[in-house]
Amino acid sequence: MPNVEQIVQSLGLVVVAAPLLLTVILGISSLVGRPLSEEKTTLLGHGTIVCGLLASIAILGIMLVVGKRHIPIPLGDWVVIPHHYHFSIKIVFDRLSVPFVILSYVLSGTIGAFASQYVHREPGFNRFFSLYSIFVLGMVVTALAGTIETLFTGWELVGLSSTLLVAFYQERPAPPRNALWIWAVYRVSDAALLLAAVVMHHMRGEGDFDRLLGSGIWPDEVSKLEPRQAMFVGALLLIAVAGKSALVPFSGWLPRAMEGPTPSSAVFYGALSVHLGAFLLLRISPLLALSPGISTAVIVIGLLTAVVAHLAGSVQTDIKTALSFASLVQVGIIVTEIGLGWHYIALIHLLGHACLRTLQFVRAPTLLQDYRRLEDALGERLPRGRAGIEQYRTWLYRWSLERGYLDAFLSEYFVAPFVRVFRWCDRMERRWTDFLSRGPSRDSDRPAGQSGGIDDLT
Amino acid sequence: MNLLQLPWIELAILFAMVGSAIVARLRDPNHAYQWGLAFMGASFISTLWAWQAYYLGIPAEDLARFSLQPGLFGRRLFALDELSAPLVPSVALLHFLTALATARTKMRRYSFSWSLAAEAIRLATFSCEEPWVLVGLLASLTVPPYVELVNRGCPTRVYTLHMALFVALLVAGWAIVDTAPGVSSVRAQVGVILLMAAILVRCGTIPVHCWITDWFEHASFGIAILYVVPLSGVYAAVRLVLPIAPDWVLRTIALISLATAVYAAGMATVQRDARRFYAYLFLSHASLVLVGLEMRTALSLTASLCLWFSVILSLGGFGLALRALESRFGRMSLVKYQGLYGHSPTLAVCFMLTGLASVGFPATVGFISTELLVDSAAEVSALVCVAVVAAAAINGIAVVRAYLLLFTGAKHVSSVSLEISPRERFAVLTLAALILGGGIFPQPGVTSRYLAAEQALSRRESSRDVRAGDPQTDEVEHKQ
């Protein structure tokens with residue numbers, strides 16, 4: 001008769017293996033040029049998501065029955081170099097990861113079912129579900145990560161799949177252009193997370209959260225790091241969080257992400273992906289408790305994000321962009337709650353907001369039809385909304401319409417100088433090779449081209 | 001007699017040499033392709049046997065029994081050790097797959113004969129430890145590319161100037177080191193500095209990197225990949241410089257390489273031509289390998305050797321994917337969106353997979369290398385760590401930018417099928433399988449590279465011990 005530990009371990013493996021299986025099957029079939037039919041893809045997607053969800057719910061039930069609130073499942077050492085390096089894989093079921101993983105499964109499953117109709121007979125059906133499977137895998141791995149390296153792995157998977165889904169409608173230049181911007185922001189975020197992971201690894205000799213954040217049960221862990229160390233790591237993690245959750249000054253990528261198909265906008269940018277930063281902040285909350293400076297920074301950034309997103313959202317004219325800013329307002333508030341130390345409120349806020357926003361996003365394409373039905377049912381016009389901020393100040397209106405000039409700021413002060421410097425270097429190199437060759441040295445020189453390069457970001 | 005006791009490494013070199021001579025006599029490109037492929041395949045299988053024999057621990061005496069080398073040279077010059085054992089088959093595999101994936105339209109331009117000749121020299125180089133022989137092989141490796149440029153009627157000055165400098169520095173450097181009274185003498189240190197300069201030229205570190213972009217501009221893409229991707233310069237660094245170089249020399253190489261890694265990553269991001277983009281991406285990675293190599297810790301050296309292996313697989317595969325695109329659409333521009341996904345989805349996936357593997361994406365062979373490199377960099381200095389992470393991040397942006405520009409953003413109209421051919425699919429999928437396999441099960445590879453790193457460090461230690469007993473050591477250190 002297996003004991004509770006063994007049952008939880010088996011179920012835990014199912015939770016992770018389900019999306020992994022989906023990714024492997026869809027990935028291999030695509031790579032060998034024999035993609036599955038729509039029916040098989042849908043069936044496989046539904047089957048694996050339901051398996052994962054049921055296993056997660058079963059784990060929740062077991063935890064409630066046996067009264068355990070923290071069940072780590074070590075999956076073994078992935079890479080070990082004796083006395084030098086240790087990379088272990090571990091998943092953790094606790095008060096934070098279980099609700100988040102169930103949320104991921106519920107919303108992913110809902111959107112999977114919705115998307116199987118939404119992208120039905122589209123040429124990118126298989127591509128959508130391949131990326132969707134990577135996204136779900138990334139979310140599950142991130143949610144359950146028991147080590148910072150495991151979390152980083154999931155984090156990267158989520159970033160890549162999100163980016164490629166933004167470029168889903170790939171016959172127009174706008175989606176890939178926006179996808180590149182988002183990817184650039186994600187890379188900054190990833191770099192900060194990787195640095196934080198390395199620093200934490202060095203402080204404790206391994207990346208296990210239990211050792212880094214203290215051995216208590218979330219959210220009551222007490223970190224043994226010194227405040228100075230906590231401040232340094234916290235600052236790096238805050239950059240990672242800001243990039244992933246579109247906090248100020250990176251907020252500009254969220255409306256750009258609406259180029260993707262509605263199901264991906266709903267589940268990724270409205271519900272799950274955008275909350276990943278808040279999830280990370282909740283996971284490292286013991287570090288925040290150690291450093292008042294970082295906590296203050298979290299509160300300020302959260303509030304700023306909420307204000308900017310509210311103002312920008314007030315003047316948007318398309319529903320998906322308006323919803324994305326509405327989503328961002330709530331993310332800003334959730335981040336503020338985390339900074340204030342209200343962890344449970346933040347978690348509940350996050351779960352509720354993700355569900356509500358998913359519903360709003362999937363209804364967005366039929367909003368006008370919904371209005372018409374409502375008006376038909378009421379027998380009169382729906383009341384018009386209050387006037388926006390345009391009635392107050394022209395400059396404020398313009399500022400909001402330009403989304404706080406955040407993208408312009410990043411573009412002008414970071415991207416443009418970067419491109420200018422390297423383009424100058426490129427010109428110098430051309431001169432040098434022309435000099436050495438005693439003539440034109442580049443076959444690749446072409447007339448000035450059309451749009452589409454890195455210049456589009458400037 | 002055990003089959004593994006045969007001198008497989010010599011056979012591999014021999015197959016390539018004989019193949020080169022036979023294929024050179026063939027005038028029909030199809031015949032040249034078939035024979036060339038057969039010889040490269042035979043060479044690759046031989047290297048696999050050699051690798052197997054090494055890991056199964058076949059004693060050197062047994063291997064020497066059937067070897068021609070003692071008769072020819074008096075001793076075995078070409079043999080595998082912990083460092084070269086996996087590198088030699090991977091180099092042979094890269095040659096084989098590059099030849100296999102050559103499109104019919106390009107067979108006339110791709111010289112199978114010279115490719116086989118270069119493979120023979122390269123395999124000999126990677127299985128050689130003898131300094132003077134290695135110097136000679138490295139010098140002779142510069143000849144096939146020159147012939148390629150001349151045959152194509154392309155300008156050779158940039159290449160010739162840089163490679164002449166490389167050979168001169170290498171020969172002069174080793175001659176001075178070899179004739180110096182002790183490895184710590186002033187003379188020997190001058191020799192090491194010349195060797196360091198030679199390595200920097202060959203690896204394309206700034207400011208002597210322009211020959212690599214120029215080489216990619218003019219050479220056929222397949223030959224260009226084969227010449228640079230195996231990282232012969234890094235091999236020279238491990239064999240010739242690492243064992244004897246003083247710490248400050250290694251630090252200098254590491255600093256210059258670090259600057260190159262970041263610079264090349266930035267340059268890759270702004271390129272308007274796919275070949276130049278690839279050249280800079282390669283430069284950045286080659287420099288990262290050197291950074292790890294010169295940090296002198298077991299972890300950094302392991303990371304560097306893992307990254308080296310990852311570069312061969314991932315940038316090799318990435319190059320083949322790009323080459324397959326070129327064979328269909330001509331020289332690829334990164335100025336406007338091309339929208340080629342619809343025509344070649346498998347190629348697009350392989351392009352993305354190999355590109356991401358090169359920048360250390362999770363579940364690929366590059367991931368653990370990057371993790372180890374960043375971790376070891378953090379031990380040395382925070383600044384080095386930040387620079388390595390920055391280079392990896394910028395390279396990631398460059399790769400995805402290239403993907404988006406080549407495969408999305410427009411609708412490419414063509415009346416003929418541009419789908420990947422079965423041979424190309426086999427080539428890129430083989431590399432993809434190795435990339436994913438090495439990424440998901442990295443421990444065997446890491447263990448092997450760690451042992452190689454330990455071996456390299458112990459050689460360095462023994463060389464330091466010799467230096468410690470050298471009467472001139474105190475004098476030199478006092479002067480420094």
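Mentor: Helices are DSSP runs of H or I with at least four residues, strands are DSSP runs of E with at least two, and both are numbered from the N terminus. Keep in mind that this is a predicted model.

Trainee: In which loop is Pro249(A) found?
Mentor: Start with the bond before Pro249(A). Val248(A) and Pro249(A) are joined by a cis peptide bond, with omega about 10°. Most peptide bonds are trans. As for its place, Pro249(A) is in the loop of chain A between α8 and α9 (253-256).

Trainee: A cis peptide bond joins Trp218(A) and Pro219(A), so what is omega there?
Mentor: Locate the proline. Pro219(A) is in the chain A loop between α7 (209-213) and α8 (227-244). For the cis bond from Trp218(A) to Pro219(A), omega is about 5°.

Trainee: Is Arg438(A) buried or exposed?
Mentor: Arg438(A) is in the segment after α18 (406-437) of chain A. Its phi is positive, about 60°, although it is not a glycine. Count its neighbours: 9 other C-beta atoms lie within 10 Å. The cut-off for this class is 12 or fewer, so Arg438(A) is exposed.

Trainee: And Ala363(B), buried or exposed?
Mentor: Ala363(B) sits in the loop between α17 (345-358) and α18 (365-380) of chain B. Its phi is positive too, near 70°. This time 20 other C-beta atoms lie within 10 Å. Since 20 or more is the cut-off, Ala363(B) is buried.

Trainee: What separates the C-alpha atoms of Ile440(B) and Pro362(B)?
Mentor: Ile440(B) belongs to helix α20 (residues 422-440) of chain B. It is partly exposed, with 13 other C-beta atoms within 10 Å. Along the chain, Ile440(B) and Pro362(B) are 78 residues apart, and their C-alpha atoms are separated by 8.7 Å.

Trainee: Is α14(A) roughly parallel or antiparallel to α15(A)?
Mentor: Helix α14 (residues 319-339) and helix α15 (residues 343-363) of chain A have axes 9 Å apart, at an angle of about 170°. Their contact has seven nonpolar, six polar and two charged residues. Angles over 145 degrees settle the class, so α14(A) is to α15(A) roughly antiparallel.

Trainee: Which helix gives the largest share of the largest nonpolar core?
Mentor: The largest nonpolar core has 338 residues. Among those with the most contacts inside it is Val234(B). Beyond its sequence neighbours within four places, Val234(B) is in contact with residues including Ala286(B), Leu290(B) and Trp308(B). The largest share of the core is 19 residues, and it comes from chain B's helix α19.

Trainee: Which element gives the most to the side of chain B that touches chain A?
Mentor: The contact takes 59 residues from chain B and 53 from chain A. The chain B side has 34 nonpolar, eleven polar and 14 charged residues. The element that gives the most, with eleven residues, is α19(B).

Trainee: Inside chain B, which element gives the most to the side of domain 1 that touches domain 2?
Mentor: Chain B is assigned domain 1 (1-129) and domain 2 (130-479). Of domain 1, 31 residues are in contact with 40 residues of domain 2. Two elements give two or more residues to the domain 1 side, α5 (87-100) and α6 (112-126). With nine residues, the most comes from α6(B).

Trainee: How many Å separate the centres of domain 1 and domain 2 of chain A?
Mentor: The assignment for chain A gives domain 1 (4-366) and domain 2 (405-457). Taken over C-alpha atoms, the separation of their centres is 36 Å.

Technical notes
Residues are numbered from 1 along each chain as its sequence is written. Chains are lettered from A and ligands numbered from 1 in the order in which they are written. This is a predicted model: local features need pLDDT of at least 70, side-chain atom pairs count only at pLDDT 80 or more; totals for chains, interfaces and linings use all residues. A nonpolar core is a set of buried Ala, Val, Leu, Ile, Met, Phe, Trp, Tyr and Cys residues joined through C-beta atoms within 7 Å. Two residues are in contact if their C-beta atoms, placed from the backbone, lie within 7 Å. Domain bounds come from an automatic or database domain assignment. Ala, Val, Leu, Ile, Met, Phe, Trp, Tyr, Cys and Pro count as nonpolar, Asp, Glu, Lys and Arg as charged, and the others, Gly among them, as polar. Axes are lines fitted to C-alpha atoms, for helices over the stretch in contact, and angles run from 0 to 180 degrees between N-to-C directions. Angles under 35 degrees count as roughly parallel, over 145 as roughly antiparallel, 65 to 115 as roughly perpendicular and the rest as oblique.
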